[in-house]
Amino acid sequence: MAATQLARHLGLDVYATASPGKWPVLRAHGFDDAHIASSRDLTFASAFPQVDLVLNALAREYVEASLGLLRAGGRFLEMGKTDIRDPQAVTAAFPGVGYQVYDLLDAGWDRVQSMLDELRDMFDAGILKPLPVTAWDVRRAAEAIRFLSQAAHIGKVVLTLPRPVDSDGTVLITGATGALGALTARHLVTAHGVRHLVLASRRGGEAPGAEELAAELTALGARVSMAACDTADRAALATLLAGIPLEHPLTAVVHTAGVLDDMTVDRLTPAALHAVLRPKVDAAWHLHDLTADADLAQFTLFSSAAGTFGNAGQANYAAANAFLDALAQARRRSGRPAVSLAWGLWKRGSAMTGHLDDAGRRRLARGGAAFSDEEGLRLYDTGVAAGEPVLVPVRLDPRQHTGADGVPPLLRGLVRAPRRRAGAAGDSGGPSFLDRLATMSAGEREEALLSLVRTHASVVLGHASADSVTGDRAFKDLGFDSLTAIELRNRLSTATGLRLPATLVFNHPTPLELAAFLRTELVPDEDPARVLADELDRLERMLSATEWTEQTRAALGPRLSALLWKWAGTDGATSAGPDLSEASDQELFAALDDELNLP
Ligand SMILES: NC(=O)c1ccc[n+]([C@@H]2O[C@H](COP(=O)([O-])OP(=O)(O)OC[C@H]3O[C@@H](n4cnc5c(N)ncnc54)[C@H](OP(=O)(O)O)[C@@H]3O)[C@@H](O)[C@H]2O)c1
């Protein structure tokens, strides 16, 4: 791309080969189709006219094809040097053509210096434009070189070096009077020797705890400026940045500002979307854009695992954080520092998480227990030093992710799927839950559906096992609210394939009732007589499968007799069975044995 710019500046007619995937770039640089051909086949040899100069980076038969394009007196400059030829052999095969392997330093240091001077002037004059850059942290150099060797790049592949925050520079923390912002400010001063801080939030020094924080940091030796600044307001942020003293230039940004406005997606309003996007999307973009000329060592974004995994009632928040993650990726690709830390829950209550009750905290912490301050700050250090653009610091509890519908796709590389148990509800792979349901007796079906409901309900509530969700306890008493109710609905919809209403757990307020409802939806035209016959078959199999002790017979026999009585009572007139109303226990057992063909 550099040679193309120079050649065109010199007024040359340039023909270019590139893989077809890169043609749009050539077209955007003004090449028409007659001047473009593929670098992945030899058609260019017949598509292009004779030329005076070839700059070559290809190998094998592509070299002959390019040499064949040169008219007499033409020159072939070998730049790629993966397939170097003998110049005499080339001239013998292509008379009148000059072949030269090209090496920048052959020109000598003085000439290189004058070339650099010329280039600088041409950049200054706007004749040359910097090439697009794809950057890798130097610790991922192997990846960068693989990318280069596959010729997948456009422009330059660049390695960047991480560097520490300049202790003479200023660190800007947004949301610094919030729970995690204040913690990070303190940590940067005590553990990283930061001496100049600008702490921004909308309320600034008026925020609760702001004065104490400033006093504490000052006592620790830092110079602190508390700023009341809405960082989503570009002009306000620009003014704030312009006020940073030249002798302590901005060296790092830590963007922790954020707000929540949770609601289910169907009730999400433009206002609630905008309010949550503002401090994340607008503010992060302005920070990115307005610090473009600052020589930053770090640009750290506080994001949330909700952006990676999604979370009931947090569509707006998830979108806002996903933007932060993408911004960090884009910055890193262009060679600028950035890391987005998509946090799981911290233990420390904050304005954003303070409203959560125990059930809500358990639900949010489902990925694992919440972080103490020490754990979180340790992860902050690890994350900032790791060299990755996006990290998801969560403590994952694999048991919470091996529910009835299998391991979620996002976690499959981390969580080993449980070995499939025969009859387990909804394991991934093998017959589907619905297929297995179809082969079950009515009783087994009821049990499987109840177990499905209890398992999902316990996962949604953040419990370790389904035992804590009893079948006859109301969902409300178990701790369900509107968000968790929707999440349970979603999980059951996925597991059963049914379109279930948002009001599901309100219409069917206990696990037992909900399981019964699912059964009627999944097996709508079940004949009750068949169900009963199925169950009797099962009972019969059970009764004859075991040698029952006299004790068990004595204990359970009366229940069986009572059932029979009840049954006879419902259809006394037509019952063909014996009249057991006056029978003794012994006579009842005998009659039952007879009926059930027991010895
Ligand atoms: N705490 C957690 O468990 C947790 C988990 C995952 C992710 N996170 C992320 O970590 C960050 C900090 O969370 P936190 O729990 O510390 O929240 P927090 O205590 O509520 O703090 C948020 C801060 O952001 C400020 N803020 C909000 N909008 C702003 C704006 N437009 N301009 C400037 N400042 C603004 C608030 O101050 P004003 O109201 O005065 O502006 C407040 O100081 C958030 O981005 C959050 O998404 C936290």
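Which helix does Ser482 lie in? I looked this up before anything else, and Ser482 turned out to lie in helix H19, residues 482-496. I note here that the model is a predicted one.

**Entry: Ser482**

I checked the exposure of Ser482 next. Its relative accessible area is 41%, so I put Ser482 down as partly exposed. I then took the C-alpha to C-alpha distance from Ser482 to Phe506, which is 9.4 Å. In sequence these two residues are 24 apart.

**Entry: the chain as a whole**

I went on to the totals. The protein chain has 24 helices and 14 strands. It holds 599 residues, and 41% of them are buried. For contacts between residues at least 6 apart in sequence, I noted that 60% join residues at least 24 apart.

**Entry: H8 and H15**

I looked at how helix H8 (residues 179-192) meets helix H15 (residues 373-385). Their axes come within 11 Å and cross at roughly 65°. Angles of 65 to 115 degrees count as roughly perpendicular, and that makes H8 roughly perpendicular to H15. The crossing of H8 past H15 is right-handed.

I listed the residues that meet. From H8 they are Leu183, Thr184, His187, Leu188 and His192, and from H15 they are Asp373, Leu377, Tyr380 and Asp381. By class, this contact of H8 with H15 has four nonpolar, three polar and two charged residues.

**Entry: H9**

Which residues of helix H9 are buried? In H9 (residues 210-219) I found Ala210, Leu213, Ala214 and Leu217 buried. They span an arc of only 95° around the axis, and therefore sit on the same side of H9. The face turned away from that buried side carries Glu211, Glu212 and Ala219, which are exposed.

I then asked what covers the buried residues of H9. The cover includes H8, strand S9 (196-201) and strand S10 (223-228). After H9 comes Gly221, and its phi is positive, near 105°.

**Entry: H10**

I did the same for helix H10 (residues 234-242). Its buried residues are Leu237, Leu240 and Leu241. Viewed down the axis of H10, these fall within an arc of 95°, so they line one face of the helix. Ala235, Thr239 and Ala242 are exposed on the other side of H10.

What do the buried residues of H10 pack against? I noted strand S8 (170-174), S9, S10, strand S11 (250-255) and H11. S9 and S10 had already come up in the cover of the buried residues of H9.

**Entry: H11 and H13**

From H10 I moved to helix H11 (residues 270-290), which packs with helix H13 (residues 315-333). The angle between them is about 15°, and their axes are 8 Å apart. Angles under 35 degrees count as roughly parallel, and that makes H11 roughly parallel to H13. H11 passes H13 in a right-handed crossing.

I wrote down part of the contact. On H11 it includes Leu273, Val276, Leu277, Val281 and Trp285, and on H13 it includes Tyr317, Phe323, Leu324 and Leu327. Lys280 of H11 and Arg331 of H13 are also among the contact residues. The full contact of H11 with H13 divides into 13 nonpolar, three polar and two charged residues.

**Entry: H17 and H22**

At what angle do the axes of H17 and H22 cross? For helix H17 (residues 442-461) and helix H22 (residues 528-545) I noted roughly 95°, with the axes coming within 8 Å. That makes H17 roughly perpendicular to H22.

On the H17 side the contact is made by Ala442, Gly443 and Glu444, and on the H22 side by Val531, Asp534, Glu535 and Arg538. I counted this contact of H17 with H22 by class as two nonpolar, one polar and four charged residues.

**Entry: two loop residues with positive phi**

Last, I looked up Arg60 and Lys81. Arg60 is not a glycine, but its phi is positive, about 50°. I found Arg60 in the loop between strand S3 (51-56) and helix H4 (61-67). Its relative accessibility is 53%, so Arg60 counts as exposed.

Lys81, also a residue other than glycine, has a positive phi near 60°. Its loop runs between strand S4 (70-78) and helix H5 (87-93). Is Lys81 exposed or only partly exposed? At 32% relative accessibility, I entered Lys81 as partly exposed.

Definitions and conventions
Residues numbered from 1 in each chain as written. Predicted model: local features only at pLDDT ≥ 70, side-chain atom pairs only at ≥ 80, totals over all residues. Heavy atoms only, no water. Axes fitted to C-alpha atoms, helices over the stretch in contact; angles between N-to-C directions. Helix = DSSP H or I, 4+ residues; strand = E, 2+ residues; numbered from the N terminus. Parallel < 35°, antiparallel > 145°, perpendicular 65-115°, else oblique. Left-handed = near helix turned anticlockwise from the far one by under 90°. Contact = heavy atoms within 4.5 Å. Nonpolar A, V, L, I, M, F, W, Y, C, P; charged D, E, K, R; others polar. Buried < 20%, exposed > 50% of the residue type's maximum accessible area, 1.4 Å probe, protein only. Arc of directions from axis to C-beta.
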